[in-house]
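Me: I should like to learn how the empty spaces in a protein model are read. Please take one feature at a time.

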Amino acid sequence: MNSFIYLHGFASSPKSTKAKDLIDRFAQIPIKLTIPDLNAGDFSHLTISRQINQVTAEFPDHSVPVTLIGSSLGGLTSAHLAQRNPQVQRLVLLAPAFGFLSHWLPKLGSEKIQRWQQEQYLLVYHYGEGRELPLSYNFVTDAAQYQENLLQRPISTLILHGKQDEVIPIQASRDFAASRPWVKLIELDSDHALGNVTAEIWQAIRSFCQLGNGD
């Protein structure tokens, strides 16, 4: 018996298109897919560390192997969870946010970052809520410690990444996979949302996780 947990992306929610698509597909097998709300009712104080602690608390009994499916920042969080927790035995990463700060911060611009540092909060558009919400600068200082070079545990990993990704360039996943023989990268004809390739993603997950029709 395997436990499956899905981690949604930054400023997203368990109601995201990808999350709903996967929960429906898992239900048809039928397997329960757990999707914690990583906003935890307090998006303003979100950190990767908080996500890691929250998801760890969702883990079943130690004897049950866990498969994590993570999207974007949820993918980055999943990889770091797997690094420190042997109970995680498989990873599926959808456009994982490797090098997140190095891609995201330059888009904000140095002036905005400086103001964020001084004022401690920055308004960020939250897709799950459909409005802007303040985010603490602690998010940045916390995220800085989660570097890809720390991810060296040889865990069975599947990455699905769009070649037209405008948020996290596919090169980030190519670089990650290149030095880790236990990682399989599938490049898709899509952007960061991966909205046009949900069927391909599901086929890849089923095959990788060995989910038969009645499994």
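Me: Which element supplies the largest share of the lining of the largest cavity?

Reply: A cavity is a set of points on a 1 Å grid over the protein atoms alone where a 1.4 Å probe fits but cannot get out, and lining residues have an atom within 4 Å of a point. In this predicted model, the largest share, three residues, comes from H3. Helix H3 (73-84) and S4 each give at least two residues to this lining; helices (H or I, at least four residues) and strands (E, at least two) are DSSP runs, numbered from the N terminus. Residues are numbered from 1 along each chain as its sequence is written, and side-chain values use heavy atoms, without hydrogens and water. Local features need pLDDT of at least 70 and side-chain atom pairs pLDDT 80 or more, whereas totals for chains, interfaces and linings use all residues.

Me: What is the volume of the largest cavity, and which residues lie nearest its centre?

Reply: A volume is the space filled by probe spheres set on the points, which are joined across faces, edges and corners. Here it is about 80 Å³. Of the 15 lining residues, Leu-91, Leu-151, Arg-153, Ile-155 and Phe-176 lie nearest the centre. The lining divides into ten nonpolar, three polar and two charged residues (nonpolar: Ala, Val, Leu, Ile, Met, Phe, Trp, Tyr, Cys and Pro; charged: Asp, Glu, Lys and Arg; polar: the others, Gly among them).

Me: How many cavities of 30 Å³ or more does the structure hold?

Reply: There are two. The second largest has a volume of about 30 Å³ and is lined by Lys-18, Asp-21, Leu-22, Thr-198 and Ile-201. H1 and H8 are the elements that give two or more residues to this lining, and the largest share, three residues, comes from H1.

Me: Which residues of H1 are buried, and where do they lie around the axis?

Reply: An α-helix has 3.6 residues a turn, so residues three or four places apart point the same way. Lys-18, Ala-19, Asp-21, Leu-22 and Phe-26 of H1 are buried (under 20% relative accessible area with a 1.4 Å probe, protein chains only). These residues lie on the same side of H1 because they cover an arc of only 165 degrees around the axis, taken from the directions from the helix axis to the C-beta atoms. They pack against strands S1 (3-7), S2 (33-34), S3 (66-71) and S4 (88-94) and helix H8 (198-208), with contact meaning heavy atoms within 4.5 Å.

Definitions and conventions:
Buried < 20%, exposed > 50% of the residue type's maximum accessible area, 1.4 Å probe, protein only. 1 Å grid on protein atoms, 1.4 Å probe; cavity = no way out; pocket = protein on both sides within 12 Å on 5 of 7 lines; lining within 4 Å.
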